[in-house]
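Please work through the following exercises on helix packing, backbone geometry and side-chain environment. Each task is followed by a worked solution.

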Amino acid sequence: MQLPEEIFDEAFQRSSPEEQKYYRGRHDLSGLPTVVRDQLRLIQETFTEALRNEKQDVPEHVAHPPFHVDYVDSSIPNALAFRYGDYSFIGITIPLIYSVSDVCRHLSKSLTVATLVGVQPSTEDYNELHGVLFSILISFVVSHEYTHHVHGHVSLSSAGSMFPNEILDTGCNRDLEAQIQEVVADGYSIYHVLANFLDGSGRSWLTVLKLDAVQAGIQDEALLSLVVLAVGAYLFLRPAPTLNSVDIYKRSHPPQVVRMDCLMQEVMNWCRQNRPELQALMTPSRFQQLMSAATEATLGMNGAQVCGDQAAFIRSEEGVKYMSTLALGVNAYKRSL
């Protein structure tokens, strides 16, 4: 009987020659430093176990095989959701792990971020804040791919199939339906992340940040801010496109400013249901401060320009039409669940 990791590797070996240029198979981690290897195996085991014990009989979920999380031998940063054999696979490339870690490192060393969150700044490359941010982002990445599975966005993979790109810009070869799926996956993922870090085991990170003795409201605001910072920075790992009315509907993902706007709507929905007092704290100016810090960590001083260019398009006549069409599609999708 084949082990899940063997079946995972087989899926790549049976893919097209073109795909094998990018995804060579399962990464066994043996060539990595011991500390890194042990951490990655712990992440894999933790998420595989959690997803194997997912809540059953959820009305919005489609039937799917059991989950297995593993690593992909590749030179590009990406996360993959695909079915093969009798498993729902979530694959993460090692370059994506390093990219996520780098983003978290930049955020964790930012004096602005430390001030916004209310923690002590650190000049160390890998500090306590880095650990929290990294945990948030890996949770978001896995939950996003999980949503693609349970909402039926993936089908049984076979030879010649295409693995989707969460990070790479593959040009204008998709459609609005793909963008709607990405917005929904973002929203469902952020619900899981917030539930874990504000109401679940992720709350234990408060002790690491030395915030376990402060008022609960301050703790909640800090954790919520960290989620917004981490996810906002992560979205800009994907290349920021030059927008125009011709190709905007053909992209695989909405522009980052649009994704973050949709995400914040879901964040506010979660707060309304679980932490009403947080709604008043996450004001537009507060959100802007967090996003400025997030984009600076990923894009440097170009962050403001990139966000400004995307926002300018969204405010244009074509941008308003696009936003309305996307919102109608997302709402229709949600009603269909």
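The exercises below concern a predicted model.

**Exercise 1. Packing of helix 7 and helix 10**

Determine how helix 7 and helix 10 are oriented to each other, and which residues make the contact.

Solution.
- Step 1. Helix 7 covers residues 176-199 and helix 10 covers residues 256-274; their axes lie 9 Å apart and form an angle of about 40 degrees.
- Step 2. Angles under 35 degrees count as roughly parallel and those from 65 to 115 as roughly perpendicular. With an angle of about 40 degrees, helix 7 is therefore oblique to helix 10.
- Step 3. The crossing of helix 7 past helix 10 is right-handed.
- Step 4. From helix 7, the contact involves Val183, Asp186, Gly187, Ile190, Tyr191, Leu194, Ala195, Leu198 and Asp199. Helix 10 contributes Arg259, Cys262, Leu263, Glu266, Val267, Asn269, Trp270, Gln273 and Asn274.
- Step 5. By class, the residues of this contact between helix 7 and helix 10 comprise 10 nonpolar, four polar and four charged.

**Exercise 2. The surroundings of Glu266**

Establish whether Glu266 is buried or exposed, and which residue its side chain joins in a polar contact.

Solution.
- Step 1. Glu266 belongs to helix 10 and is one of the residues through which helix 10 meets helix 7.
- Step 2. The relative accessible area of Glu266 is 12%. Buried means under 20%, so Glu266 is buried.
- Step 3. Beyond its neighbours within four places in sequence, Glu266 is in contact with Gly187, Ile190, Tyr191 and Lys334. Among these, Gly187, Ile190 and Tyr191 also appear in the contact made by helix 7.
- Step 4. The side chains of Glu266 and Lys334 are joined by a polar contact of 2.4 Å.

**Exercise 3. Packing of helix 4 and helix 9**

Describe the orientation of helix 4 and helix 9, and give the classes of the residues in their contact.

Solution.
- Step 1. The axes of helix 4 (residues 94-108) and helix 9 are 10 Å apart, at an angle of about 130 degrees.
- Step 2. Roughly perpendicular ends at 115 degrees, and roughly antiparallel applies over 145. The two helices, helix 4 and helix 9, are therefore oblique to each other.
- Step 3. Helix 4 makes a right-handed crossing with helix 9.
- Step 4. Leu96, Val100, Val103 and Leu107 of helix 4 meet Leu229, Ala230, Ala233 and Tyr234 of helix 9.
- Step 5. The contact of helix 4 with helix 9 has eight nonpolar residues, with no polar and no charged ones.

**Exercise 4. Gln219 in helix 9**

Find the backbone oxygen that lies 3.2 Å from a polar atom of the Gln219 side chain, and state the burial of Gln219.

Solution.
- Step 1. Gln219 lies in helix 9, which spans residues 216-235.
- Step 2. A relative accessible area of 8% places Gln219 among buried residues.
- Step 3. The oxygen in question is that of the backbone of Asp212.
- Step 4. Not counting residues up to four places away in sequence, Gln219 touches Arg203, Leu206, Leu211, Asp212, Ala213 and Val214.

**Exercise 5. Positive phi at Leu29 and Asp57**

Locate Leu29 and Asp57, and decide for Leu29 and for Asp57 whether the residue is buried or exposed.

Solution.
- Step 1. Although not a glycine, Leu29 has a positive phi of about 70 degrees. Asp57, not a glycine either, has a positive phi of about 60 degrees.
- Step 2. Leu29 occupies the loop between strand 1 (23-26) and helix 3 (34-52), whereas Asp57 is in the loop between helix 3 and strand 2 (67-74).
- Step 3. Leu29 is buried at a relative accessible area of 2%, while Asp57 is exposed at 76% relative accessibility.

**Exercise 6. Leu32 and its contacts**

Identify the loop that holds Leu32, and the residues that Leu32 touches.

Solution.
- Step 1. Leu32 is located in the loop between strand 1 and helix 3.
- Step 2. With 14% relative accessibility, Leu32 is buried.
- Step 3. Residues up to four places away in sequence set aside, Leu32 touches His27, Arg37, Leu40, Ile94 and Tyr98.
- Step 4. Leu32 and Ile94 are 62 residues apart along the chain, and their C-alpha atoms are separated by 9.9 Å.

Terms used
Residues are numbered from 1 along each chain as its sequence is written. This is a predicted model: local features need pLDDT of at least 70, side-chain atom pairs count only at pLDDT 80 or more; totals for chains, interfaces and linings use all residues. Side-chain values use heavy atoms; hydrogens and water are left out. Axes are lines fitted to C-alpha atoms, for helices over the stretch in contact, and angles run from 0 to 180 degrees between N-to-C directions. Helices (H or I, at least four residues) and strands (E, at least two) are DSSP runs, numbered from the N terminus. A crossing is left-handed if the near helix is turned anticlockwise from the far one by less than a right angle, and right-handed if clockwise. Contact means heavy atoms within 4.5 Å. Ala, Val, Leu, Ile, Met, Phe, Trp, Tyr, Cys and Pro count as nonpolar, Asp, Glu, Lys and Arg as charged, and the others, Gly among them, as polar. Buried means under 20% relative accessible area, exposed over 50%, partly exposed in between (1.4 Å probe, protein chains only). A polar contact is a pair of N or O atoms within 3.5 Å; within protein, one must be able to donate a hydrogen and the other to accept it, and residues adjacent in sequence count only if both atoms are side-chain atoms.
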